[in-house]
Amino acid sequence: MGFPWAVVRIANAVTNAALLAGIPRPPYNRDNALIVETSGRRSGKRRRIPVGYLDDGGRIIVVVEDGSRAHWVRNALADGGRLRIFLRGAWRSVRLQVLDVDPETYLKRMNRVHAGFVRHEASTPGVIELLSD
């Protein structure tokens, strides 16, 4: 299961560039995707990854394929839950909160293509809320 590492890395770089420029890259656009920026917990290097999200009445909800085992989540948790996101054309600082809820509740309301990808790639999906810092 999963795509080759190099393919994912290239796809993420292209998606990041599109989101930063405000160019839709189906199925993602500024209304359903953001860029997460963390510092590597060992290397200290800046890491950026595009993720789909759901605006749940002003709450920013992300269903993560690997839940709290995902590297970006582990990086944020190692930094006290702090990270930066690029959302709707601006960088902002946020805090990550792991929610103990059924991911399917949110996947049903997300972009259909993105939700399908998450369902296919997920090992232990988890739900994250990004809170204003």
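The exercises below work through the fold, the sheet, the cores and one buried loop residue of a predicted model.

Residues are numbered from 1 along each chain as its sequence is written, and side-chain values use heavy atoms, with hydrogens and water left out. Since the model is predicted, local features need pLDDT of at least 70 and side-chain atom pairs count only at pLDDT 80 or more, while totals for chains, interfaces and linings use all residues.

**Exercise 1. Describe the overall make-up and dimensions of the protein.**

Step 1. The secondary structure comes to four helices and seven strands, where helices (H or I, at least four residues) and strands (E, at least two) are DSSP runs numbered from the N terminus. Along the sequence these elements follow the pattern α-β-β-β-β-α-β-β-α-α-β.

Step 2. The radius of gyration, taken over C-alpha atoms, is to be set against the globule rule, which is 2.2 Å times the number of residues to the power 0.38. The protein has a radius of gyration of 14 Å, close to the 14 Å that the rule gives for 133 residues, so it is as compact as a globular protein of that length. The C-alpha trace spans about 35 × 30 × 30 Å along its principal axes.

Step 3. Buried residues, meaning those under 20% relative accessible area with a 1.4 Å probe and protein chains only, make up 40% of the 133 residues. With contact meaning heavy atoms within 4.5 Å, residues 24 or more positions apart account for 61% of the contacts with a separation of 6 or more.

**Exercise 2. Work out the strand order of the sheet and identify its edges.**

Step 1. Two strands pair if DSSP finds at least two bridges between them. On this basis the seven strands form an open sheet in the order 2-1-5-6-7-4-3, with antiparallel pairing.

Step 2. Strand 2 (46-52) and strand 3 (54-56) each have a single partner strand and stand at the edges, so one side of each is left without a neighbour in the sheet. From one strand to the next the twist averages 40°, the axes being lines fitted to C-alpha atoms, for helices over the stretch in contact, with angles from 0 to 180 degrees between N-to-C directions.

**Exercise 3. Trace the bridges from strand 3 through strand 4 and strand 7 to strand 6.**

Step 1. Strand 3 and strand 4 run antiparallel and are joined by three bridges, and D55 has I60 in strand 4 as its bridge partner. The two strands form a hairpin with two residues between them, and G57 in the turn has a positive phi of about 65°.

Step 2. Strand 4 pairs with strand 7 in the antiparallel sense over five bridges; V62 stands opposite I128, and V64 stands opposite G126.

Step 3. Strand 7 (residues 126-132) also pairs with strand 6 (residues 90-99), antiparallel and over six bridges. Here Q97 has E129 as its bridge partner, and V94 has S132.

Step 4. Burial can now be added: five of the six residues of strand 4 are buried, so that strand is largely enclosed by the rest of the structure. Six of the seven residues of strand 7 are buried, so strand 7 is likewise largely enclosed.

**Exercise 4. Locate helix 2 against the sheet and describe the nonpolar cores.**

Step 1. Helix 2 (residues 71-78) lies across strand 1 (33-39), strand 2, strand 4 (59-64), strand 5 (82-87), strand 6 and strand 7, running at about 50° to strand 1.

Step 2. A nonpolar core is a set of buried Ala, Val, Leu, Ile, Met, Phe, Trp, Tyr and Cys residues joined through side-chain atoms within 4.5 Å. The largest has 18 residues, of which L34, W72, L83, I85 and L130 touch the most other members. Strand 1, strand 4, helix 2, strand 5, strand 6 and strand 7 each supply at least two residues of this core.

Step 3. Leaving aside residues up to four places away in sequence, W72 touches V36, T38, I49, V51, V62, V64, L83, L96 and I128. A second, separate core of ten residues includes L99, Y106, L107 and V118.

**Exercise 5. Characterise the surroundings of M110.**

Step 1. M110 is in the loop between helix 3 (103-107) and helix 4 (112-121), and M110 is buried, with a relative accessible area of 8%.

Step 2. Not counting residues up to four places away in sequence, M110 touches G52, Y53, L54, I61 and V63.

Technical notes: Buried means under 20% relative accessible area, exposed over 50%, partly exposed in between (1.4 Å probe, protein chains only).
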